[in-house]
Amino acid sequence: MNQLTTDLTEQQSNHSADESVGSLRWSVAQIQSLLDLPFNDLIHQAQLVHRQYHNANEVQLSTLISVKTGGCPEDCGYCPQAARYHTGVENEDMLSVDEVVSAAKVAKEQGASRFCMGAAWRGPKQRDIDKVTEMIRGVKSLGLETCATMGMLKPGQAEQLGQAGLDYYNHNLDTSPEFYEKIISTRDYQDRLDTLGEVREAGINVCSGGIVGMGETRHARAGLIAQLANLDPYPASVPINNLVQVEGTPLHGTDALDPLEFVRTIAAARITMPKAKVRLSAGRREMSEAVQALCFLAGANSVFYGDKLLTTGNPDTARDQALFKKLGLSTQ
Ligand code: SAM
Ligand code: DTB
Ligand code: SF4
């Protein structure tokens, strides 16, 4: 083991020994050093951490549904649902509670343990919260874990979602604070941190991650991981999305990220957030089985499962089941 590897191992074990201490922080430079390691050393470290905290042959399955699609007023440069980009995604009415609960039943039958409801909103209005809480109650009553991703939350809204039985709220930091303004102008980084604070205060598990492959540098990826790992506590669930390029969005045509850089990002998330579920998220349909296997080796232990993400495709369930079987992964 070289000196850098030894130092980083000590850093990691300090974190794992005393994660509740907010003063122990990962610097961007430390995470950049992780990302700069020889690939085999990085994966080895990620495996050591992974096996300390998780069953290395298990993957958790979350199914997504878009309960309100399109017509979003925000300008996130990656997103097919922003009204201002011409992507072919139409502004649709909100689904009914029955439609959502029926879809959750199917997801459960197919093996998902968590059902995540997404809405293309800047944030929910009170009448939206009333309907969403009904959806949460219906999904929860099936014995599924519940998750929602609906944009920014105002004070009091997270409590209402929590009282209805919401287990997780997904709200991504998306990228590093420095790169952020190249991607979104209609809400700032602090707005996102504030929403995560609302979720945490309401006792709901935080699900927060980001997107890579948006033309950012490795340093910016280190900056994103540092922000997530330094949240106190770090998120229970960390989705790492590879940009799905959609025609009509400003980021369409961005140079694709080297898949091994994606794997490195997963490994850095695993090492710095040892107990989290690290989710290999959007972009999986475009990945080979070999790259997905490397992501699992690097510490990913959750995926989105089901034929669709929100508006774009995901591997179909039969193909995923065949992959899990091939890799000897059990599902939860
Ligand atoms: N409107 C809500 C919000 O922005 O928080 C919830 C839904 S939004 C679609 C959830 C997340 O999906 C975004 O924060 C982003 O990280 C991810 N996402 C959206 N479009 C994507 C794309 N084309 N490729 C990869 N991830 C994407
Ligand atoms: C997350 O981090 N990724 C998911 C979920 N949370 C909501 C969304 C991915 C969306 C990909 C583009 C689409 O299908 O519209
Ligand atoms: Fe709207 Fe969310 Fe898409 Fe941004 S990511 S445009 S907030 S749906």
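**Entry 1: ligand 1**

I started at Trp-121, where a backbone N or O atom lies 3.3 Å from a nitrogen atom of ligand 1. I am keeping in mind throughout that this is a predicted model.

Next I looked up the side chains that reach ligand 1. In Asn-172, an N or O atom of the side chain is 2.9 Å from an oxygen atom of ligand 1. Asp-174 also has a side-chain N or O atom there, 2.7 Å from an oxygen atom of the ligand. How much of ligand 1 does the protein bury? Taken alone, ligand 1 exposes 550 Å², and the protein buries 90% of that.

Then I listed the neighbours. I found 16 residues surrounding ligand 1, and the closest are Tyr-78, Ala-119, Asn-172, Asp-174 and Val-244. Sorted by class, this shell has eight nonpolar, six polar and two charged residues. I also checked the space that ligand 1 takes up, and that space is the largest cavity.

**Entry 2: a second look at Asp-174**

I went back to Asp-174, since its side chain has an N or O atom 2.7 Å from an oxygen atom of ligand 1. I found Asp-174 in the loop between strand 4 (168–170) and helix 7 (177–180). Is this residue buried or exposed? Asp-174 counts as buried because its relative accessible area is 3%, and the cut-off for buried is under 20%.

I also looked up the backbone angle. Phi of Asp-174 is near 75°, a positive value in a residue other than glycine. I noted that down because most residues other than glycine have a negative phi.

**Entry 3: ligand 2**

My next stop was ligand 2. What surrounds ligand 2? I wrote down Leu-64, Pro-80, Thr-149, Asn-170, Asn-172, Pro-239, Asn-241, Phe-304, Leu-309, Leu-310, Thr-311 and Thr-312. By class, I get six nonpolar, six polar and no charged residues in this shell. Asn-172 is a name I had already met, as one of the closest residues to ligand 1.

I then went through the atom pairs. A nitrogen atom of ligand 2 is 3.2 Å from an N or O atom in the side chain of Asn-170. Leu-310 takes part through its backbone, with an N or O atom 3.0 Å from an oxygen atom of ligand 2. In Thr-312 the side chain is involved, and one of its N or O atoms is 2.8 Å from an oxygen atom of the ligand. On its own, ligand 2 has 410 Å² of accessible area, and the protein covers 88% of it. Ligand 2 sits in the largest cavity.

**Entry 4: Thr-149 beside ligand 2**

I picked Thr-149 from the shell of ligand 2 for a closer look. Thr-149 is in strand 3 (residues 145–149). Which side chain does the side chain of Thr-149 contact? I found a polar contact with the side chain of Asn-170, at 2.9 Å. Asn-170 is also a neighbour of ligand 2. Thr-149 has 17% relative accessibility, so it counts as buried.

**Entry 5: ligand 3**

I turned to ligand 3 and noted the residues around it: Cys-72, Glu-74, Cys-76, Tyr-78, Cys-79, Ala-82, Ala-120, Trp-121 and Arg-187. They divide into seven nonpolar, no polar and two charged. Where does ligand 3 sit? It sits in the largest cavity. I was pleased to see Trp-121 again, as its backbone was where I began with ligand 1.

**Entry 6: two glutamates**

I looked up Glu-216, which lies in the loop between strand 6 (210–212) and helix 9 (218–229). Its side chain reaches two backbone nitrogens: that of Gly-213 at 2.9 Å and that of Met-214 at 2.7 Å. Glu-216 is buried, because its relative accessible area is 9%.

Glu-90 is in the loop between strand 1 (58–68) and helix 4 (97–110). With a relative accessible area of 56%, Glu-90 is exposed. How far apart are Glu-90 and Gly-70? In sequence they are 20 residues apart, and in space 5.5 Å, C-alpha to C-alpha.

**Entry 7: a peptide bond**

My last check was the bond between Asp-232 and Pro-233. I found a cis peptide bond, with omega about 0°. It caught my eye because most peptide bonds are trans. Pro-233 is in the loop between helix 9 and strand 7 (237–242).

Terms used: Residues numbered from 1 in each chain as written. Chains lettered and ligands numbered in written order. Predicted model: local features only at pLDDT ≥ 70, side-chain atom pairs only at ≥ 80, totals over all residues. Heavy atoms only, no water. Near = heavy atom within 4 Å. Polar contact = N/O pair within 3.5 Å; in protein donor to acceptor, adjacent residues only side chain to side chain. Areas by Shrake-Rupley, 256 points an atom, 1.4 Å probe, with all protein chains shown as cover. 1 Å grid on protein atoms, 1.4 Å probe; cavity = no way out; pocket = protein on both sides within 12 Å on 5 of 7 lines; lining within 4 Å. Sits in = over half its atoms within 2 Å of the grid points. Nonpolar A, V, L, I, M, F, W, Y, C, P; charged D, E, K, R; others polar. Helix = DSSP H or I, 4+ residues; strand = E, 2+ residues; numbered from the N terminus. Buried < 20%, exposed > 50% of the residue type's maximum accessible area, 1.4 Å probe, protein only.
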